[in-house]
Amino acid sequence: MRQETAGVTEALIESAKKEFLEYGFHNANLRRISADSGVSTNSIYTRFGDKSGLFDAVVRPAADGLMQIYLASISEASECGSAQTAADMGSSGTDMVLKYIYDNLDAFRLIFCKSAGTEYERYFDKLAETEEKYYKVFAEQYSRNGRRVSDFFIHVVCRSGWQYIYEVVSHDIPYEEAKEFMECIRQFNYAGWNCILN
């Protein structure tokens, strides 16, 4: 009985993912998901509550996983005590984040591009806000000669950093090309921060 239930839930999630990818959250239709999965709409309501609950079931594992990887990476870099080490750790953290996103690409297409009307439409903002908090500490720790980096500058830079990720996902850039692109961005940002921090 449990295996049958697990199979039904899996079929529903797969059908829902296809539906949300094609139509977005707002225009997705539970009847189409029901027809595609062979599961009644009543079963959808029983298992997930509503369309929001179903969207959540599709994307939450990937969303939570990325947040854990990202928080661990940025937290470790902020405590290392060296600007160069922090930059190197930031680079390897970016690699891990990009790989994780591409390993869960459909979920992140949904989160970044199709989540309007769900709690995930602010996921991008949460990532940027988290980065902003750590970058303020980083700028304060490593700026030289009395330089002060404005909070607004950090805010825009951190949002831009996640915008790069959004762009490669939303434009269906292949993983290897995305890696090359992010390496260029890293070099660009490294030179910029060196100049800003003096």
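A residue counts as buried when its relative accessible area is under 20%, as exposed when that area is over 50%, and as partly exposed in between. Keep that scale in mind while walking through this predicted model. Arg 60 gives a good start. Its relative accessibility is 30%, so Arg 60 is partly exposed.

Arg 60 has a charged partner. Its side chain meets that of Glu 119 in a salt bridge, at 3.5 Å from N to O. The two residues come from distant parts of the chain, 59 residues apart. Arg 60 belongs to helix α4, residues 51-78. Glu 119 sits in the loop between α6 (105-113) and α7 (123-142). Glu 119 is partly exposed too, because its relative accessible area of 49% does not pass the 50% cut-off.

Why can such pairs form at all? Side chains of opposite charge can pair when their charged atoms come close. Across the whole structure, a search finds 18 salt bridges.

Now go to the start of the chain. Helix α1 covers residues 2-27. Within helix α1, Lys 17 and Glu 14 are three residues apart, so about one helical turn separates them. Their side chains meet in a salt bridge, at 3.6 Å from N to O. Lys 17 has a relative accessible area of 21%, which makes it partly exposed. Glu 14 is also partly exposed, at 42%.

This pair has further company. Which residues are linked with Glu 14 and Lys 17 in a network of salt bridges? They are Asp 106, Arg 109 and Asp 172.

Another salt bridge involves helix α1. The side chain of Glu 19 meets that of Arg 32, at 2.7 Å from N to O. Here the link runs between helices: Glu 19 is in α1, while Arg 32 is in α2, residues 30-37. The two residues are 13 residues apart. Is each partner buried or partly exposed? Glu 19 has a relative accessible area of 8%, so it is buried. Arg 32, at 33%, counts as partly exposed.

Stay in helix α2 for the last stop. Ser 34 lies in this helix. Its relative accessibility is 12%, so Ser 34 counts as buried. What does Ser 34 contact, leaving aside its neighbours within four places in sequence? Its contacts are Val 39, Ser 40, Thr 41 and Ile 44.

Look back over the route. Arg 60 in helix α4 pairs with Glu 119 in a loop. Lys 17 and Glu 14 pair within helix α1. Arg 32 and Glu 19 link helices α2 and α1.

Key:
Residues numbered from 1 in each chain as written. Predicted model: local features only at pLDDT ≥ 70, side-chain atom pairs only at ≥ 80, totals over all residues. Heavy atoms only, no water. Salt bridge = Lys/Arg side-chain N within 4 Å of Asp/Glu carboxyl O. Helix = DSSP H or I, 4+ residues; strand = E, 2+ residues; numbered from the N terminus. Buried < 20%, exposed > 50% of the residue type's maximum accessible area, 1.4 Å probe, protein only. Contact = heavy atoms within 4.5 Å.
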